[in-house]
Amino acid sequence: MTRSGPDPRQPRLRIRILFGERAMLGPGKAELLERIAEGGSIAAAGRAMGMSYKRAWSLVEEMNAAFREPLVARARGGPGGGGAALTAAGESVLRNYRDLEALTAEAGAERIRAIEALLGDMSGER
């Protein structure tokens with residue numbers, strides 16, 4: 001997947017992991033973690049995803065509270081501004097989530113193709 005997004009004509013697999021009623025990790029939170037790692041900013045990551053800083057920070061707080069160790073470390077603003085970075089735990093969670101996506105897509109590729117073959121015309125023309 002590129003930053004411009006996946007090819008909308010191709011099937012894609014989206015994985016959401018529910019940890020009881022306590023926590024959830026899915027494509028949105030994984031992307032937020034990726035963007036924080038790339039840009040060093042919760043605000044910039046949120047803007048890039050079309051969400052407010054408050055929403056992005058709320059998701060970060062939710063993830064930090066759900067795991068044994070925080071996934072994102074934040075530095076308060078100052079003369080040089082604040083910033084954020086993934087902790088070792090955050091890097092591990094993101095890496096394992098992306099690995100799970102790849103393994104699942106590979107393992108399910110044949111079944112995804114079989115389901116896709118049963119689809120009707122999706123070109124928008126009828």
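**Close-up views around helix 3**

**View 1. N64 and its polar partner.** A polar atom of the N64 side chain sits 2.6 Å from the backbone nitrogen of L71, a polar contact (a pair of N or O atoms within 3.5 Å, one able to donate a hydrogen and the other to accept it; residues adjacent in sequence count only if both atoms are side-chain atoms). This is a predicted model, where local features need pLDDT of at least 70, side-chain atom pairs count only at pLDDT 80 or more, and totals for chains, interfaces and linings use all residues. Residues are numbered from 1 along each chain as its sequence is written, and side-chain values use heavy atoms, with hydrogens and water left out.

**View 2. The surroundings of N64.** Leaving aside residues up to four places away in sequence, N64 touches E69, P70, L71 and V72; contact here is heavy atoms within 4.5 Å. N64 has a relative accessible area of 18% and is therefore buried (under 20%, with a 1.4 Å probe and protein chains only).

**View 3. Helix 3 from end to end.** N64 belongs to helix 3, one of the DSSP runs (H or I, at least four residues for helices; E, at least two for strands) numbered from the N terminus. With 14 residues (53–66), helix 3 should span 20 Å, and its end C-alpha atoms agree at 20 Å apart; the expected span is 1.5 Å times one less than the number of residues.

**View 4. The buried residues of helix 3 and their cover.** Look for A56, W57, L59, V60, M63, N64 and A66, which are buried. Their cover includes strand 2 (23–25), helix 1 (27–39), helix 2 (42–48) and strand 3 (72–75).

Note on methods:
Buried < 20%, exposed > 50% of the residue type's maximum accessible area, 1.4 Å probe, protein only.
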